[in-house]
Each structure stands twice: as structure tokens, then as C-alpha cells.
Amino acid sequence: MRNKDTFHILALDGGGTRGIYTAQLLAKIEEAFGTRIKTYFDLIVGTSTGAIIAGAAVSDIPMTDIVELFDTETPHIFRKRWYRIPLFLSKYPSEQLAQIIAKHIPATPLGEIATPLMITSSEIAKSEVQIFRSNYSRHDSEGTPPTSKKVCLRDAILASCAAPTFFAPKSVDNLLLADGCLWANNPSTIAATEALSVFRKEAQEIRMLSIGTGHSTNMYRQRRGWGFITGWGGAKLTTYVMTLQAQASAYTAELLLNGNYLRINPEIDRWEIDNLTQLDNLKSLAEHDFEKYTSEIRTFIPTEDKAE
């Protein structure tokens, strides 16, 4: 029987096309346990591609539909411009991403979303973090910044997905916003902090399932030249920093929650966030990891439907 005092959190990393791993793993959970993802969790938190999946989850969209989104739509999202001057234009037009998000995610104001949701972003004009929250202000503690309840879920997701150099920043409520991966690619730490401070939970009451999009085991090797392009690899450096942040967040969350933290994150080669050739491999990895972690997953989600 489910302990109603336990506070269940789902934290979803960024990672571009590698988000298909997360969607496939969650689809297997829905298939095996028989209900939508949002019914299992008291708080869902997502960054970038994880924000897309989190937004779909709170919108009661089946995860199989999101797997299909990655399969069929990412070639359109990551379709390069027919012309591009790299120093002056983002790698991909934001309009393509916006059209696909609009096609699959409802235009729901955050204030109308009942499931507690957090989406991370970065305010680049003032160098500040930005968190979008759904309508759970009744839990807010003194000093917690209010959510703009009128912000559309789609806009929050687009802001969280605006990876520097890949997409242009997103303007929302006079804020200039970029990808949440700049500070919270793995949002586990902020999710834990929210549960402890805003929801007033104790560490022993929290169970967090954290899903990554792959830990590269082949980033750098010794070489002579270490210029931005020749050694650090330009875009590779962004991926490297994202990976380090994800590891640091996982380590901190593990300490904060005294072990009540399950991190599932596969080892992969160096697959960039716009890589379109590894989608089937990532789905296979997700199915393998679901089988590997099934018993542990069962201890981190309620065994009964939370919808009452």
C-alpha cells in the first residue's frame, strides 16, 4: 500500500535528441504500471528536452506519443538553414521548433496546470536563473518568487529549449531567455530544494526518480593544440559543461536526500544534442535500462494510482 506521506519527484535532464531515451523509458513505465506518468508524481521538473517531456506529462499526453514526436519531428527541428553565417545566426531557426511544440503541446497557461511543474530557463540579459512554475502557489513559502500564471506552457518550454548557438533566445514577459541547461541541465538539485523549502518535506519523505540523457565516456583525449575549436571542440565544450553540471547535481541530490534518489543515465559515446543517427540506439538503451532498473523504479513511484 502506498505511503501518502511520501513525496514523489520526477526530474528530467536536457539533451536535445537524446531526450528520446527519457521518453522511451517513461513509455515503458506507463506500459508496465498501467497509468499516465503524471499520476505517479507530486512534482515534475524538466530542463530543455526534459521540459518538453515534463510538459507533455502534466498535459496527460501518453509517452508513446512523445517517442513518436522525437522519431518523426526531430529531423524537422534540427533542419539546418539553407544559408548560414555561423558568427551571426543560430544553427537552427527557432520557428521550426515553435511550430512542432505548438503541434504537440497544448497552449495551456501555467496557472491552469494543476500538477506541480517546474521548467528551468536562463535570463541572459541580467545573468539570472529563471524558473517557471505551474499553479501550486498555495504551497509557496515566504520569499518564493511568484509565477506568472499567464505564461503559456509552450512558451516556457521554448525558453527552456533555447540552447545557445543552436536556437535564438526566447522573449517571454520582457525577459530574454535561453536554455535551462546553462545552470540546471540535471534539475535534481532544484527539485529537491523545492520539496524541502516550498512543500516543507523532510528528506526522508522524498523519493526522486532522475532520468538523464546519456553520460559520454569519450569526450577528450590528450593533444597538442587546445584552442576553442582545435582542442575544446567548440560545441563539444557546451556538452562537456552540461555533463559536469548533471553529475554535480546528481551528487548533491544524493547527499540531500540521504539515498532516496534513483538516477538512471546511460553511458554513451559523444552524441551531440542535434545528432539524428542514434535515435534507435537510444530507444534500445531505454528498454534495456527499464528491464535493469524495474525493481528499483517500483520503489521510487507509488504502487497505486494517485488519482483519487
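**Entry 1: Glu-194**

I looked up Glu-194 first and found it in helix H7, residues 188-197. The model I am reading is a predicted one. Glu-194 is buried, and I noted a relative accessible area of 4%. I then listed what Glu-194 touches, leaving out residues up to four places away in sequence: Leu-43, Met-118, Arg-133, Tyr-136 and Phe-199.

**Entry 2: the chain as a whole**

I counted the secondary structure and got 9 helices and 10 strands for the protein chain. The protein chain has 308 residues, of which 54% count as buried. I also checked how far along the sequence the contacts reach. Among contacts with a separation of 6 or more, 75% are between residues 24 or more positions apart.

**Entry 3: helix H2**

I went through H2, residues 49-58, for burial. The helix is largely enclosed by the rest of the structure, because 10 of its 10 residues are buried. I wrote them down as Thr-49, Gly-50, Ala-51, Ile-52, Ile-53, Ala-54, Gly-55, Ala-56, Ala-57 and Val-58. Just after H2, I noted Asp-60 with a positive phi of about 65 degrees.

**Entry 4: H2 against H3**

Next I took the packing of H2 with H3, residues 63-77. Their axes are 10 Å apart and the angle is about 145 degrees. I recorded the crossing as right-handed. From H2, the contact is made by Thr-49, Ile-53, Ala-56 and Ala-57; from H3, Met-63, Ile-66 and Phe-70 take part. I sorted these residues by type and got 6 nonpolar, 1 polar and no charged.

**Entry 5: helix H3**

I stayed with H3 and asked which of its residues are buried. They are Met-63, Ile-66, Val-67, Leu-69, Phe-70, Glu-73, Thr-74 and Ile-77. These buried residues pack against H2, and also against helix H1 (19-33), H4 and H9. I then looked at the course of the helix and found a kink of about 40 degrees at Asp-71, shortly before the proline Pro-75.

**Entry 6: salt bridges**

I searched the whole structure and found 9 salt bridges. I looked at several pairs one by one.

Asp-274 and Lys-91 meet through their side chains, at 2.8 Å from N to O. Asp-274 is in the loop between strand S10 (267-268) and helix H9 (279-300), and Lys-91 is in the loop between H3 and helix H4 (94-104), so this salt bridge ties together parts that are 183 residues apart in sequence. I checked both partners for accessibility. Asp-274 counts as buried because its relative accessibility is 12%, whereas Lys-91, at 22%, is partly exposed.

Lys-170 and Asp-155 form another salt bridge, with 3.5 Å between the closest N and O atoms. The pair links distant parts of the chain, with Lys-170 in strand S5 (residues 170-172) and Asp-155 in helix H5 (residues 153-160), 15 residues apart. Lys-170 is partly exposed at a relative accessible area of 24%, and Asp-155 is partly exposed at 26%.

Asp-280 and Lys-283 also form a salt bridge, and here the closest N and O atoms are 3.7 Å apart. I looked up why the two are about one helical turn apart: they sit 3 residues apart in helix H9. In an α-helix there are 3.6 residues a turn, so residues three or four places apart point the same way. I asked whether each of the two is buried or exposed. Asp-280 is exposed, with a relative accessible area of 52%. Lys-283 is buried at 18%, since the cut-off for burial is under 20%. Salt bridges that share partners join Asp-280 and Lys-283 with Asp-71 into one network. Asp-71 had already come up as the site of the kink in H3.

**Entry 7: Tyr-261**

Last, I looked up Tyr-261, which is found in strand S9, residues 261-264. Tyr-261 counts as buried because its relative accessibility is 7%. I took the C-alpha separation to Ile-206 and got 8.4 Å, with the two residues 55 apart along the chain. Which residues does Tyr-261 touch, not counting those up to four places away in sequence? I listed Asn-186, Ser-188, Met-208, Ser-210, Ala-250, Ala-253, Glu-254 and Phe-300.

Conventions: Residues numbered from 1 in each chain as written. Predicted model: local features only at pLDDT ≥ 70, side-chain atom pairs only at ≥ 80, totals over all residues. Heavy atoms only, no water. Axes fitted to C-alpha atoms, helices over the stretch in contact; angles between N-to-C directions. Helix = DSSP H or I, 4+ residues; strand = E, 2+ residues; numbered from the N terminus. Left-handed = near helix turned anticlockwise from the far one by under 90°. Contact = heavy atoms within 4.5 Å. Nonpolar A, V, L, I, M, F, W, Y, C, P; charged D, E, K, R; others polar. Salt bridge = Lys/Arg side-chain N within 4 Å of Asp/Glu carboxyl O. Buried < 20%, exposed > 50% of the residue type's maximum accessible area, 1.4 Å probe, protein only. Bend = angle between axes of the 7 residues up to and from the residue.
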